[in-house]
Every structure is written in structure tokens, then in C-alpha cells.
Amino acid sequence: MSQNTPEYLQSELPAIELFEKLGYDYFDGAVEDPRNSINEVILEDRLRSSLTKINPWLKGNTLEKVIRNITNIQATTLMEANQSVHELITKKDSITEKPTPDAHPEPVFIIDYENIENNDFLIVNQMKYKGIGNNSIPDIVVYINGLPLAVIEAKSPKVPITDAISDLQYYQENSPKLFYYNQICVGINKGKALYGSVGAAFPHYSKFKTDSVEEVSKLVDRVPTDQDILIYSFFQKSVLLDIIRNFTIFEVDQGKTIKKLPRYQQLRAVNKIINKLKTENKGGVVWHTTGSGKSISMVYLAIKLRREDAGFDNPTILVVTDRIDLDNQISSTFRRAGFANTRQASSISHLKEELKDSYGKTLMTTIHKFQERAEEKIDPKDIEILSDKENIFILVDEAHRTQGGMTAAYMRASLPNAKFIAFTGTPIDKESKSTLKEFYGGDYIDKYTIKQSVEDGNTLAIRYQTGMPEFFIEKDLMNEVFKASFGHENEEKQAKLKSKAASLDTFLMARRRVEEIAKNIIKHYREKIYQGNQFKAMLVCHNRAQAIAYQKAFLRLKDQGLNTFETKVIMSFDTKKDPAEYRELAVPQEKIKETIENFKLPFGDESDKSLGGKKQYDNTAILIVSDMLLTGYDAPIVQCMYIDKLLKEHNLLQAISRVNRTHKGKEYGLIVDYAGITEHLAEAIKIFSGDLEPQDVMTNIEQEKTILENRHSKMVAFFRDIKIDRVKNRDKFVDACVLFLEPEDLRDKFIDLVKLFNKSMDIVLPDSFALAYEYDLKLFNDIKLEAVNTHTPDKLYITKEESKKIQMIIDEHLRATGVNYLLSEAIDITDSKRFEEELARKGGKTKELTIANRIKHTIQANKKENPEFYEEISKRLEKLIKEREEDRIDQVQLLLEFDKIREDIANSKEEWKRLGLSSPEQFPVYKSLEKVVQDPKDYTLAIFDKIGMYLKKEDWKNHDDIKKEIRKNIKSLLRTSEVDKDTLKTLPITILDILENQ
């Protein structure tokens with residue numbers, strides 16, 4: 001590579017310089033190459049030197065034998081070879097040899113983890129390696145003791161980071177032997193830096209963040225870039241060896257081995273825990289939001305606790321959960337990660353037996369195993385000691401749920417000297433109950449919030465959609481039904497019946513309500529969740545009876561030909577009390593585990609089996625639950641959760657987190673609320689997010705319509721200087737746009753706008769609201785594709801996902817009869833506090849007030865653009881509200897008038913065409929002239945013709961001299977009319993204000 005390219009000067013060279021400052025040796029592989037052949041990936045001389053330095057007794061034939069073991073890795077796949085090498089360099093007894101013929105075998109250490117400087121750290125750039133096709137030349141290879149343990153691909157800041165990751169993936173296919181030894185793959189382009197493991201796809205590459213950049217700033221003597229931060233944070237010698245040894249695991253999932261590296265919060269938290277245990281001899285609370293990898297963090301912690309040099313004397317590790325399914329899940333996680341001898345305690349006596357000997361074990365149990373002691377009501381001081389050993393470490397999963405009651409007290413009394421480390425995604429921190437207080441007090445050992453997790457891409461944003469009119473039976477309708485059914489009863493009987501009817505259970509179990517919601521769920525699921533990426537959903541019910549009621553409703557819809565989806569009920573059983581239909585309609589107890597695992601599989605032919613005979617596909621679309629699977633259940637294929645249960649606080653946040661797991665093609669999780677949990681949701685976000693505001697994570701789905709509209713406007717405005725009708729003369733418009741996009745900076749800006757527009761379309765589709773943008777979706781994507789192919793043909797391309805979006809909108813258009821969602825179409829402009837305001841407004845308000853407030857927001861958002869029109873709308877609205885308050889109109893009349901107002905607002909956006917104006921921007925000016933001149937259209941067109949040259953300047957609003965000229969020109973034209981002197985003074989100012997607010 002030329003040393004004058006942006007890639008070398010701005011990315012590769014700064015990386016090399018930083019490595020040298022970290023104490024690494026360096027040579028240019030394009031100039032100097034100590035190998036005999038490019039077929040070799042190991043620097044054998046350095047390996048030999050390091051082995052004898054670390055193992056002074058290793059000599060002669062024994063040394064050469066060890067080198068052959070390291071250089072000749074036997075494996076059938078790259079991952080198998082990589083795992084073998086990891087064991088060689090991390091496990092103490094992976095290679096043993098006799099120093100002398102009569103001596104006992106001694107371990108051979110390839111890396112000295114205890115004496116960091118006893119190792120040979122080297123970086124090489126531009127070294128050539130034999131490839132299956134062309135030879136591979138990665139930008140930087142990090143060698144430790146002659147082994148290529150990291151590969152770094154550098155790109156220019158102008159090149160997307162995805163190109164670096166693509167190159168790393170190509171190298172793995174082209175020169176697999178180089179990656180037999182690889183522990184970390186890194187892509188950098190100065191402004192971005194991502195790391196991942198062998199075999200990882202782009203979505204599984206991670207950012208690295210740090211709490212402070214002070215040290216790296218001093219080292220590089222400037223403001224550090226993202227690549228500086230990652231290299232400094234990951235490749236300090238001690239940190240790199242710590243990651244290789246303690247934070248690299250191979251997890252077998254459905255027969256496939258996956259290599260996992262730590263996310264930055266996991267590395268940070270585990271090392272903080274170890275430090276606290278060593279310095280303070282106590283644990284504490286780790287608050288890592290749900291879905292951010294707490295189970296894997298526990299595995300990393302267990303690995304470090306087990307290390308001899310950690311000083312914990314072969315400890316016993318006890319993992320405690322509060323549910324059998326979570327106990328099984330975490331046990332499975334530990335086993336998949338290489339903890340083959342984990343044991344699940346079946347009872348307190350079994351646990352006591354396991355704790356007897358001094359051999360360190362990894363045990364799993366549920367908190368409820370201690371319940372038998374609590375039920376005996378023995379004073380905790382007198383309880384039987386299960387073990388008084390100091391080196392017992394108890395890792396408590398989801399500690400907020402279990403650690404404040406008597407059961408927890410008995411557990412602590414049974415294990416008086418154990419150290420407790422609590423992991424929670426939703427801590428409780430109130431006067432009445434505090435997770436921190438239960439675990440040594442003080443502050444959290446580490447905190448990783450919902451907002452951080454979403455920003456890092458570890459979990460997805462959760463969007464919230466509340467009920468639409470047809471979702472609910474309104475109070476007025478319920479009263480009518482009640483009167484028709486029970487009007488013949490006496491007043492006392494009616495009062496009792498009304499009390500029963502008003503109860504929560506009765507309301508939620510109402511057959512008509514359940515049937516109406518079931519219809520809506522199937523329609524919503526089909527159009528918004530299944531169509532396109534074929535994701536799945538969960539329905540959370542008030543209780544088991546309601547779960548069965550929903551299943552019956554879904555089956556009735558299937559009989560009527562209105563439901564083609566498979567739904568299943570997952571619930572526990574009471575063999576003595578449950579009606580027969582529970583067992584007929586719910587999944588049998590013995591098949592629950594199999595069913596919930598199969599549910600994670602994609603849709604397809606269920607008869608297809610893997611080579612090992614495992615099921616490949618599962619066509620269950622919706623799981624119906626009440627209490628089960630609301631915590632700990634990890635099914636990335638689930639995008640939507642329908643909620644008809646009044647959940648609160650941590651229970652609510654835990655439940656909705658089932659939809660925030662990442663999955664290919666999934667950009668967000670969706671919550672559809674039928675139970676009215678809005679206020680509980682706002683409270684949960686406040687409790688569990690600290691300074692996090694609701695809008696940071698929970699976005700009302702209707703906001704995306706406004707965002708879509710704004711992004712579309714920016715796209716159209718981008719080509720404002722091209723005076724060709726994009727509908728009538730599409731080809732000419734496209735050609736002009738492609739020519740306009742020749743400068744790279746303009747093209748990059750346009751590509752960003754298209755990406756944002758596509759993303760908004762993907763979120764809103766297949767809602768009929770998006771149909772208005774169907775033409776422009778195809779148009780602007782075609783322009784982007786043609787511009788890219790014309791000017792930078794090899795750099796960008798239209799993805800399959802974008803093609804799917806276009807297909808989805810066509811499909812939606814063909815069946816776009818839709819539903820008139822009365823509460824969903826009113827707002828078209830919002831601010832950043834919209835979600836919070838929306839929640840505050842919803843609490844306890846009627847449908848009338850909700851719609852009125854939405855119209856008020858629309859007026860507020862648009863009045864500066866069109867003051868005359870919205871002033872008139874405002875007066876109409878206030879008159880209607882007053883008439884309703886005085887009972888001069890009923891609810892039906894009010895809602896009809898509200899609909900007329902909303903229709904007028906929608907029509908106002910097209911009124912400029914009917915009037916013969918040239919653009920929508922002219923309409924509010926026309927309205928301001930309408931009452932003061934006889935020919936408002938002619939004057940409007942004349943004004944824009946006169947001032948058009950000024951409006952073409954992008955930043956005209958920032959120049960007082962231009963605004964002054966605009967006012968003068970407007971005033972000059974108005975002098976020819978018959979307006980009075982006062983109007984002649986004020987009207988140009990009013991028109992200028994309108995133009996500035998467009």
C-alpha cells in the first residue's frame with residue numbers, strides 16, 4: 001500500500017504509532033519478512049525464543065516437538081482449529097513434556113499470563129499470506145510470542161467500516177490458517193472501530209467505550225478517535241491477555257460453535273467485581289439492563305474466580321435464580337460455555353452434601369430450595385449452617401425479585417461467610433425496598449442502562465403503541481348493553497350487577513372484548529409483524545382463564561377463515577381445580593419445554609430436519625402466556641408483545657424486554673397495549689432508567705409518521721433547484737438529479753437522507769399512512785442507485801431489505817382499505833418531549849379530550865406556517881368543546897365534528913393545487929392576502945416571482961439584508977392594491993414570518 005493514501009495516513013499509521021507507544025515492537029512486512037514462505041503464518045523464530053524464555057527447561061527435540069504441536073493444528077473447520085489453539089494458549093495442561101526422561105511431566109506455557117513482559121509483543125503491517133485465491137494482505141497483524149493473535153483492517157475515514165469487516169471475513173475464507181490462531185478481529189477507519197471474533201457476521205461486531213479518555217488522550221497527545229480508544233482499551237498488554245484468557249468463550253448452540261468476546265460493559269463489570277472482592281472482601285450489585293448479556297457476564301466472572309492467580313483458593317460458585325426455567329437456562333449457558341460439570345441442587349440436603357468437601361464446584365439452584373427452611377419459621381440465628389467456608393461466591397440472577405424476603409434471609413444465614421454478587425436488569429431502589437440495600441449498600445458495582453444498550457446496538461429500541469378505538473368497548477356502549485340486558489331488574493340488583501361488571505376481572509374477560517381484540521391482533525400481526533420478515537409475537541394475558549379465552553377466540557377466527565396462524569397457550573396447571581378445557585387448549589406440561597424452544601425457530605416446512613434429526617422450522621406465530629416466559633426467555637425472533645395484563649414496575653420492564661433482542665432484519669421491538677398500562681410504563685421507565693426519559697427508549701409508534709413526513713420533506717427539498725416535475729417527467733428528473741449528485745459530499749448527504757427515509761418507511765409500513773410516499777420511495781432509491789453506479793459504481797448498492805420494503809408497499813397498496821384509526825392520525829409535528837406529554841395527557845382522560853388535545857397539538861405545530869387557517873380551526877375547536885361542556889351536542893356529534901376538522905386539516909395541504917398556486921409554500925401567503933386584496937392568487941404568484949431569487953439561497957433566513965429586501969419587494973407589490981396604510985406596514989412582516997417558519 002502507498003504510504004500517501006488517506007487509509008494509511010489517517011488510520012493505519014496512527015494505529016501503528018499507538019501500538020508502539022503501548023510497548024509493541026514493529027516492522028513493515030512489505031519491507032522485512034523473516035519467514036521462509038508466505039505459506040507460514042507463525043513467526044517461528046520468535047515462537048522458539050519465547051518458549052525457551054518462558055520455559056527455560058524446554059530444549060532440543062522436546063522444544064521442536066512442542067513447536068510442531070503448535071504449528072500443525074489438525075482440524076476439519078476453522079472454528080474447530082481456533083478453539084483448539086485457544087485451549088493450547090490458555091489451559092495449563094494443554095501441552096505437557098518431561099524436562100528429563102526421569103522427571104514428571106511439566107506444563108508448557110505458550111504465553112506467560114503472570115509476567116506480562118516475559119512475552120514478545122509485535123505488530124506487523126502489510127505482510128502477505130498465501131490465499132486460496134489471491135494472497136491476503138491484512139493491514140496490521142498483532143503477534144504475541146510469534147503467534148498471529150489479532151488481525152486489524154484499516155480503512156480511510158471516507159470508507160464505511162463495513163468494508164473493513166467484509167475484508168476480515170474474506171481473509172478468513174481466503175487464508176484460514178492465519179485465523180487458526182486469531183483471538184480478535186478489528187475493523188477501523190479513524191472515526192469508527194469495531195471488534196469481533198472469528199466467524200462473526202457484521203451485526204455481531206461491537207463498539208468499545210470507556211468511562212474516561214484522559215489516559216489515551218495523553219498518550220496520543222490529541223483528542224482520541226474511536227480507533228484510538230479501542231486500540232488503547234483492548235490492546236494494553238495486560239488487558240489483551242486478560243481478554244484472551246478469561247473473556248473468550250466457545251458456546252455450542254444447536255450444534256454450531258460460536259466464539260464470543262466480551263462487550264465492554266461485561267469486561268468492565270467483571271473486573272470491578274474481582275477488584276472489590278480482593279480489596280473489600282465483599283460483593284455488591286451489578287445493574288445491567290435486560291438483554292445485555294448478564295448470563296455470559298456470570299460465566300466470565302466464574303472463569304476469573306477459578307483462576308489460581310486470582311487468589312480465591314479454588315472457590316465454590318453457587319448460581320441462584322428464582323425460577324426453575326431460569327435455573328435450567330443458566331445451567332445450559334454455563335454448560336455451552338465449557339463448564340461441563342455444573343450441578344443443579346435438587347434440595348437443601350443435596351446442596352449441603354455438595355458443599356461438604358473443599359473441592360471447588362459450580363452449583364445451580366433456585367432460591368425456593370431455601371423456602372423449606374423459611375416455612376419452618378426458625379430464627380435465622382438458629383438455622384443449620386450449610387457451609388461456613390469463606391470462598392463461596394453466590395451469583396444471584398435478577399436479584400430484585402427475591403432478595404428482600406425471608407427466603408433470602410434463610411439463605412444468607414445458611415451460608416454466613418459467602419460473598420453475594422447480585423445481577424439485575426431492573427433494580428428496585430425505593431424507601432420500602434432497595435436491591436442495593438440488600439447487597440452491602442453503597443453504590444452499584446457497575447451500571448449499564450437501557451439507553452446505553454440501545455445506543456450500542458446490544459438491544460433494540462422498544463416502540464409503544466396504545467389502543468385504537470376498535471380495540472376497546474367504550475363506556476357508553478357498555479352502559480347500553482348493560483341496560484338492554486338488566487334493565488328489567490330492580491335498582492338494588494342492578495347496583496350489584498354494575499359493581500360486578502365494573503370489576504377488572506369481568507371487564508378483561510368480557511367475551512366480546514376478547515373477540516374484538518383477538519380480531520385486531522390477527523390483523524395487526526399479519527400486516528405489521530408477519531409480513532416481510534416473518535417475526536413472531538407473544539400475547540400476555542390477565543390470567544390463565546383469559547389466556548384460554550383468547551385461544552378459543554383465535555380458533556373461532558380460524559374456523560371462520562379469518563385466521564391462518566398457529567397460536568399456543570403456555571401455562572402451568574392445577575390438576576385438581578382446572579377445567580377440562582385448560583388441558584384441551586393449552587400445551588401439555590410435558591411438551592412445554594420443547595414448544596418454547598421450537599418457537600424460536602423460523603417459519604418453514606416443519607418436516608425438515610437437520611442432519612442430527614433436530615427440527616429446523618416451527619410455524620407457531622403467537623405464544624399466549626399469563627405469567628410464564630415474562631422473564632429470562634430469550635427469543636430474538638419475537639418482535640411484538642400484545643399486552644392485556646396490568647403489569648407494573650420491574651415486572652412490566654422485564655416483560656417488554658422480551659421484544660428487544662437483536663435479530664437480522666429487526667430494527668425495533670413493538671409493544672401493543674390493550675390493558676391501559678401507559679402510566680405504569682412511564683413510571684417503570686423513570687424507576688429503572690435513572691436520568692433516562694421515556695422518549696429515550698419508548699417511542700410512540702405514531703411519532704414515526706411525523707418523522708417520516710419530515711424526512712420526506714427534506715428529501716424533496718434537497719432537489720429544490722431542479723425545476724422539473726418529478727411525476728410528469730420522471731426520467732428527465734432522475735437524469736438531472738444524478739448529474740446534480742456528482743460531487744461526493746452532496747452524494748453522501750443524499751445517501752444519508754435516503755437511508756433515514758427508508759428506515760422511517762420500514763417502521764411505518766404497512767400502515768396506509770405510508771402510501772403517500774410510495775412513488776417517492778421508489779424514485780429516490782432509483783436516483784440513489786443510479787447516482788452511485790454512475791459516480792461510485794463499486795461502493796454502494798440497493799440491499800435486499802430495501803427491495804423488500806418496496807415490495808411491501810406495493811402489497812399494502814393492493815389491499816389498502818385499512819381502518820380509520822381515530823386516535824392515530826391527528827398529529828403530524830411533534831417535539832422531543834412528545835412521548836412524555838402524551839403519557840401525561842392519556843392518564844384518566846376521555847376519548848374526547850384525547851382527540852381534542854391532539855388537534856390542539858396539530859394547530860400549535862402548524863400555526864406559524866399557516867396562521868390564518870389554523871386560527872380559524874382553533875376557533876372551531878374551542879366552540880365545539882364549549883358546546884359539549886354545556887351538553888348542547890352529544891359525543892357522537894362531537895366526534896363527527898372532530899373528524900371534519902381533521903379532514904379539513906388534511907385537505908388544506910392539497911388546497912394550493914385547487915387554487916392554481918405553484919407550491920404548497922404559497923398557500924399560507926395566499927390565506928394572509930385573501931381578506932385584504934381582491935385577487936389573492938395573482939398577488940401571491942407575483943410576490944413569489946419577485947422574491948424567488950432570494951428564497952433559492954439556502955441560508956437566506958440567516959441574512960438580515962436579504963430579509964429586508966424581501967419585505968421591500970412585498971411592500972412594493974402591495975402598493976398597487978387598495979390595502980390601507982396600517983396593513984401595508986404589517987402585512988409584509990406577517991408574510992416574511994410565514995416564509996421563515998416554512
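Here are some exercises with worked solutions on a predicted model of a protein.

**Exercise 1: The whole chain**

Find out how many helices and strands the protein has, and what share of its residues is buried.

*Solution.* Start with the parts list: there are 39 helices and 24 strands. Next, look at burial. Of the 998 residues in the protein, 51% are buried. Finally, check how the contacts span the sequence. Take the contacts between residues at least 6 apart in sequence: 71% of these join residues at least 24 apart.

**Exercise 2: A six-stranded sheet**

Work out the strand order of the open sheet that contains β1 and β8, and say which strands stand at its edges.

*Solution.* Step one is to read across the sheet. The order is β1-β4-β5-β6-β7-β8, and the pairing is mixed. Step two is to look at the ends of that order: β1 (25-28) and β8 (193-196) each have a single partner strand, so one side of each has no neighbour in the sheet. Step three is the twist: on average, and ignoring direction, neighbouring strands here are turned by 20° against each other.

Now zoom in on one pair. Strands β5 (residues 140-144) and β6 (residues 147-154) run antiparallel and are joined by five bridges. As an example, Ile140 has Ile152 in β6 as its bridge partner.

Last, see what lies against the sheet. Helix α8 (residues 237-246) packs on it and touches β4 (121-125), β5, β6 and β7 (184-188). The direction of α8 makes about 80° with that of β5.

**Exercise 3: Asn125 in the sheet**

Decide whether Asn125 is buried or exposed, then find which side chain it joins by a polar contact.

*Solution.* First place the residue: Asn125 sits in strand β4. Its relative accessibility is 1%, and buried means under 20%, so Asn125 counts as buried. Then look for the polar partner. The side chains of Asn125 and Tyr26 are joined by a polar contact of 3.0 Å. To finish, list some of the contacts beyond four places in sequence: they include Tyr8, Phe27, Asp28, Asp139 and Ile140.

**Exercise 4: A strand with both faces covered**

Explain why strand β23 is described as largely enclosed, and identify what kind of unit it makes with β22 and α24.

*Solution.* Begin by counting. Five of the five residues of β23 (residues 669-673) are buried, so the rest of the structure largely encloses this strand. Now sort them by face: Gly669, Ile671 and Asp673 are buried on one side, and Leu670 and Val672 are buried on the other.

Next comes the partner. Strand β22 (residues 638-644) runs parallel to β23, with four bridges between them. One of the pairings matches Ile643 with Asp673 in β23. Add helix α24 (residues 649-656), and you get a right-handed β-α-β unit of β22, α24 and β23.

**Exercise 5: Two residues in one loop**

Compare Gly665 and Lys666: which relative accessible area does each have, and what does each touch?

*Solution.* Locate them first. Gly665 lies in the loop between α24 and β23, and Lys666 is found in the loop between α24 and β23 too.

Take Gly665. With a relative accessible area of 29%, it is partly exposed. Beyond four places in sequence, Gly665 is in contact with Asn533 and Phe535. Gly665 and Gly532 are 133 residues apart in sequence, and their C-alpha atoms are 9.3 Å apart.

Now take Lys666. Its relative accessible area is 5%, and it is buried. Contacts of Lys666 beyond four places in sequence include Leu460, Phe535 and Pro636. Leu460 is 206 residues away in sequence, with 8.4 Å between the C-alpha atoms. Then follow the side chain of Lys666: it reaches the backbone oxygen of Val638 at 2.5 Å and that of Val659 at 3.3 Å.

**Exercise 6: A bent helix**

Find where helix α37 bends, and which helices its buried residues pack against.

*Solution.* Step along the helix, which covers residues 936-951: the bend is about 40°, at Asp945. Then pick out the buried residues of α37, among them Pro936, Tyr939, Ile943 and Phe944. Their packing partners are α36 (923-930), α38 (960-974) and α39 (981-996).

Definitions and conventions
Residues are numbered from 1 along each chain as its sequence is written. This is a predicted model: local features need pLDDT of at least 70, side-chain atom pairs count only at pLDDT 80 or more; totals for chains, interfaces and linings use all residues. Side-chain values use heavy atoms; hydrogens and water are left out. Two strands pair if DSSP finds at least two bridges between them. Helices (H or I, at least four residues) and strands (E, at least two) are DSSP runs, numbered from the N terminus. Axes are lines fitted to C-alpha atoms, for helices over the stretch in contact, and angles run from 0 to 180 degrees between N-to-C directions. Contact means heavy atoms within 4.5 Å. Buried means under 20% relative accessible area, exposed over 50%, partly exposed in between (1.4 Å probe, protein chains only). A crossover is right-handed if, with the strands pointing away from the viewer, the path from the first strand over the helix to the second runs clockwise. The bend at a residue is the angle between axes fitted to the seven residues ending there and the seven starting there. A polar contact is a pair of N or O atoms within 3.5 Å; within protein, one must be able to donate a hydrogen and the other to accept it, and residues adjacent in sequence count only if both atoms are side-chain atoms.
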